[in-house]
Amino acid sequence: MACPICADDSNENYHPFCCKRCADLDLGRWMTGHYAIPSENPDDIEELEQALEGAKSNTRNRLN
């Protein structure tokens, strides 16, 4: 099986990746939303807006 990041042969220690670097690159892509699946559900959009507003408020409170 080929590594999904660089196409080298996978290593059983990092399967399906070939090395720790490629595994970490993949994890970074998940964590930054690169692999996110967009939603058309209005409830999801409202929840996201509320979460963003809450995060902004928390940041403002910490800075003051």
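**Figure 1. Lys 20 and Asp 24, a charged pair within helix H1.** In this predicted model, Asp 24 and Lys 20 both belong to helix H1, where they stand 4 residues apart, or about one turn of the helix. The two residues form a salt bridge, in which the closest N and O atoms are 3.0 Å apart. Side chains of opposite charge can pair when their charged atoms come close. Neither partner is buried: Asp 24 is partly exposed, with a relative accessible area of 39%, and Lys 20 also counts as partly exposed, at 47% relative accessibility.

**Figure 2. Glu 53 and Lys 56, a charged pair within helix H2.** The structure holds 2 salt bridges, and one of them joins Glu 53 to Lys 56, with the closest N and O atoms 3.6 Å apart. Both residues lie in helix H2, which covers residues 42-63, and they are 3 residues apart, again about one turn of the helix. Glu 53 is partly exposed, with a relative accessible area of 45%, while Lys 56, at 43% relative accessibility, counts as partly exposed as well.

**Figure 3. The nonpolar surface patch made by Leu 27, Trp 30 and Met 31.** These three residues make a nonpolar patch of about 390 Å² on the surface. Met 31 lies in helix H1, which runs over residues 20-31. Is Met 31 buried or exposed? Met 31 has a relative accessible area of 66%, and because exposed means over 50%, this residue counts as exposed.

**Figure 4. Helix H1 and the glycine that follows.** The 12 residues of H1 should span 16 Å at 1.5 Å a residue, and the end C-alpha atoms of the helix are indeed 16 Å apart, so the two values agree. Just after H1 comes Gly 33, whose phi is positive, at about 85°.

**Figure 5. Two backbone features in the segment before H1.** Ala 7 belongs to the segment before H1, and this residue has a positive phi of about 75° although it is not a glycine. With a relative accessible area of 53%, Ala 7 is exposed. Pro 16 also has its place in the segment before H1, and the peptide bond that leads from His 15 to Pro 16 is cis, with omega near 10°.

**Figure 6. The setting of the close-ups in the whole chain.** How many helices and strands does the secondary structure of the protein come to? There are 2 helices and 0 strands. Along its principal axes, the C-alpha trace spans about 50 × 35 × 15 Å. The radius of gyration of the protein is 18 Å, whereas a compact globule of 64 residues would have one near 11 Å. Of the 64 residues, 8% count as buried. Among the contacts with a separation of 6 or more, those between residues 24 or more positions apart account for 6%. The accessible surface of the protein comes to about 5,600 Å², and 53% of this area belongs to carbon and sulfur atoms.

Definitions and conventions
Residues numbered from 1 in each chain as written. Predicted model: local features only at pLDDT ≥ 70, side-chain atom pairs only at ≥ 80, totals over all residues. Heavy atoms only, no water. Patch = residues over 30% accessible without salt bridge, like charges linked within 9 Å, V, L, I, M, F, W, Y side chains within 5 Å. Areas by Shrake-Rupley, 256 points an atom, 1.4 Å probe, with all protein chains shown as cover. Salt bridge = Lys/Arg side-chain N within 4 Å of Asp/Glu carboxyl O. Buried < 20%, exposed > 50% of the residue type's maximum accessible area, 1.4 Å probe, protein only. Rg over C-alpha atoms; globule rule 2.2 N^0.38 Å. Contact = heavy atoms within 4.5 Å. Expected span 1.5 Å × (residues − 1).
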